[in-house]
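Let's take a stroll through a protein fold, starting with the overall layout and ending with a few aromatic rings. Have a look at the picture before reading on.

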Amino acid sequence: MNTGSYPADLTFLIVPGLRDHVEDHWQTHLAKQLPKSVTVPPLEHDKLSRAARVQALDDALATIEGPVIIVAHSAGCITTVHWAQQQGRKIHGALLATPADVENPMPAGYPTLEQLQANGWSPMPRSPLPFPTLVAASRNDPLAQFERMHQLSMDWGARLVDLGEVGHLNPAAGYGPWDGVHALLQELV
């Protein structure tokens, strides 16, 4: 696996989805490989609150000096998009990996549309993001249709990366380590 080389002053901000830190998740493996990374910590209260997650992202950013690349997954991608609508901090770029479509029903075991709406997740922002962005989407993601991610990528001014059939790119889909992540991060450096 090629972990690439990154500028010494660059920090990667890891933004997990609603399930927060999962030991065998690709984001956890990635954080261990990167020279400088910060992970948005799990929420103790209001775990489903979009506003609380946006604030947690902003608080984590406040601890970082220098350039930042955001590396988000699932609902962490939507947190990032909401944060970008109100942010004042310049971001070097963002990788949004398998964003969850919080405006359409999710499989059993995930929050319902009503729960997501009540906690501020929808509507999702559609305006262009103020930093270079890659949206890495799966063709068989149970949490988002590829065609929908294609449209959102265009709305956000992002480049869509077709990952093929990788499910939701999580341990349930067979990911632990994600070998392709460093090539995408190098595009943002």
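How many helices and how many strands are there in the protein? There are six helices and six strands; both are DSSP runs numbered from the N terminus, with H or I over at least four residues for a helix and E over at least two for a strand. This is a predicted model, where local features need pLDDT of at least 70 and side-chain atom pairs count only at pLDDT 80 or more, while totals for chains, interfaces and linings use all residues. Residues are numbered from 1 along each chain as its sequence is written, and side-chain values use heavy atoms, leaving out hydrogens and water.

**The overall layout**

Follow the chain along its sequence and you get the pattern β-α-β-α-β-α-β-α-β-α-β-α. The C-alpha trace spans about 45 × 35 × 30 Å along its principal axes. Of the 189 residues, 50% count as buried, meaning under 20% relative accessible area (exposed is over 50%, partly exposed is in between, with a 1.4 Å probe and protein chains only).

**The sheet**

Now for the strands. All six sit in one open sheet with parallel pairing, in the order β2-β1-β3-β4-β5-β6. The edge strands, β2 (37-39) and β6, each pair on one side only. Two strands pair if DSSP finds at least two bridges between them. For β1 and β2 there are three bridges, in the parallel sense, and Ile14 has Thr39 in β2 as its bridge partner.

**Helices on the sheet**

Helix α2 (residues 50-62) lies across β1, β2 and β3 and runs at about 160 degrees to β1. Helix α3 also packs on the sheet: α3 touches β1, β3 and β4, and its direction makes about 130 degrees with that of β3. (Axes are lines fitted to C-alpha atoms, for helices over the stretch in contact, and angles run from 0 to 180 degrees between N-to-C directions; contact means heavy atoms within 4.5 Å.)

Which residues of helix α1 (residues 26-33) are buried? They are Trp26, Gln27, Thr28 and Leu30, and the buried residues of α1 pack against β1 (11-15), β3 (68-74), β4 and α6 (181-188).

Helix α5 (residues 146-156) has Phe146, Met149, Leu152, Ser153, Asp155 and Trp156 as its buried residues. The buried residues of α5 pack against α3 (75-84), β4 (93-99), β5 (133-137) and β6 (159-162). Just after α5, Gly157 takes a positive phi of about 70 degrees.

**Rings**

A search of the whole structure finds two aromatic pairs. Rings of Phe, Tyr and Trp (its six-membered ring) pair if their centres lie within 6.5 Å; planes under 30 degrees apart count as stacked, over 60 as edge-to-face and the rest as tilted.

| Pair | Centre to centre | Angle of planes | Type |
|---|---|---|---|
| Tyr6 and Phe12 | 4.9 Å | 75 degrees | edge-to-face |
| Trp26 and Trp178 | 4.8 Å | 80 degrees | edge-to-face |

Why does the pair of Trp26 and Trp178 tie together parts that are 152 residues apart in sequence? Because Trp26 lies in helix α1 and Trp178 in the loop between β6 and α6. Trp26 counts as buried at 1% relative accessibility, and Trp178 is buried with a relative accessible area of 9%.

Two arginines also meet a ring: Arg19 lies over the face of Tyr110, at 4.3 Å from the ring centre, and Arg139 lies over the face of Phe146, at 4.0 Å. A charge sits over a ring if NZ of Lys or CZ of Arg is within 6 Å of the ring centre and within 35 degrees of the ring normal.
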